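This report describes the fold of one protein chain, as seen in its coordinates. The sequence and the structure come first, and the description follows.

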Amino acid sequence: MKIREYGAYNEGEILRLYASVGWTAYTDQPEALRKGFENSLLTLAAYEGEQLLGIIRTVGDGHTIVFVQDILVCPEHQRKGIGTALLQAILDRYSHVRQIELATDNTEKTIAFYRSLGFREMSEIGCCGFMKM
């Protein structure tokens, strides 16, 4: 597996990846997803040869805040360290940034994953988060 910057947007492979994990809010609006990718701070991809295994997409300014917008791995390749490698690559790249944030599903699996990489719930550090949808 090799991790590299995701360069030219390939709608077919991105829509397949998002559909494989059931993220239909993205696949139902492919133009918005494309624009999201184009305006991201950094997107990294994990490949095996030419096969896309997963991506991590960040937004922010890269100096005071980085927000992990998306991290996803094809279901048949999950639990093999790909998500960890993608997130670690972001943490290494932005080690100088004070705030690296993300929002995720409130499940034991996702909470355990992010905790294993040093993330803490906002309430644990005297903060709370808000979202308007």
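## Confidence and fold

Mean confidence in the protein is lowest in helix H2 (residues 24-27), at 92, and highest in strand E2, at 98. The model is a predicted one, with an average pLDDT of 95 over the protein and 100% of the residues scoring at least 70.

The strands E1-E2-E3-E4-E5, in that order, make up an open sheet of 5 strands with mixed pairing. Strand E1 (2-5) and strand E5 (99-102) each have a single partner strand and stand at the edges, so one side of each has no neighbour in the sheet. On average, and with direction ignored, neighbouring strands of this sheet are turned by 25° against each other. Helix H4 (residues 82-93) packs on the sheet and touches E1, strand E2 (42-48), E3, E4 and E5. The direction of H4 makes about 145° with that of E2.

## Strand pairing

Strands of a sheet pair through backbone hydrogen bonds, in either the parallel or the antiparallel sense. The table gives three of the pairings in this sheet.

| Strand pair | Sense | Bridges |
|---|---|---|
| E1 and E2 | antiparallel | 4 bridges |
| E2 and E3 | antiparallel | 7 bridges |
| E3 (residues 51-60) and E4 (residues 65-73) | antiparallel | 7 bridges |

Individual residues can be placed within these pairings. Between E1 and E2, glutamate 5 has leucine 44 of E2 as its bridge partner. Between E2 and E3, threonine 43 stands opposite arginine 57 in E3. Further along the sheet, isoleucine 56 has isoleucine 71 in E4 as its bridge partner.

E2 and E3 form a hairpin, with 2 residues between the strands. Glycine 49, in the turn of this hairpin, has a positive phi of about 65°. Of the 7 residues of E2, 6 are buried, so this strand is largely enclosed by the rest of the structure.

## The largest pocket

The largest pocket holds about 1,000 Å³ of space. Its lining consists of 31 residues, and the closest of these to the centre are Trp23, Ile71, Thr104, Thr110 and Tyr114. H2, E4, H4 and helix H5 (108-116) each contribute at least two residues to the lining. The largest share comes from E4, with 7 residues. Ile71 thus appears in two settings: as the bridge partner of isoleucine 56 and among the residues closest to the centre of the largest pocket.

## Two residues outside the strands

Histidine 77 lies in the loop between E4 and H4. Is histidine 77 buried or exposed? Its relative accessible area is 17%, under the 20% cut-off, so histidine 77 counts as buried. Leaving aside neighbours within four places in sequence, histidine 77 is in contact with Gln51, Leu53 and Ile82.

Glutamate 121 is found in the segment after H5. With a relative accessible area of 40%, glutamate 121 is partly exposed. Not counting residues up to four places away in sequence, glutamate 121 touches Ile111 and Arg115. Glutamate 121 and glutamate 101 are 20 residues apart along the chain, and their C-alpha atoms are separated by 9.8 Å.

Technical notes:
Residues numbered from 1 in each chain as written. Predicted model: local features only at pLDDT ≥ 70, side-chain atom pairs only at ≥ 80, totals over all residues. Heavy atoms only, no water. Pairing = 2+ DSSP bridges. Axes fitted to C-alpha atoms, helices over the stretch in contact; angles between N-to-C directions. Contact = heavy atoms within 4.5 Å. Buried < 20%, exposed > 50% of the residue type's maximum accessible area, 1.4 Å probe, protein only. pLDDT = per-residue confidence, 0-100. 1 Å grid on protein atoms, 1.4 Å probe; cavity = no way out; pocket = protein on both sides within 12 Å on 5 of 7 lines; lining within 4 Å. Points joined across faces, edges and corners; volume = space filled by probe spheres on them.
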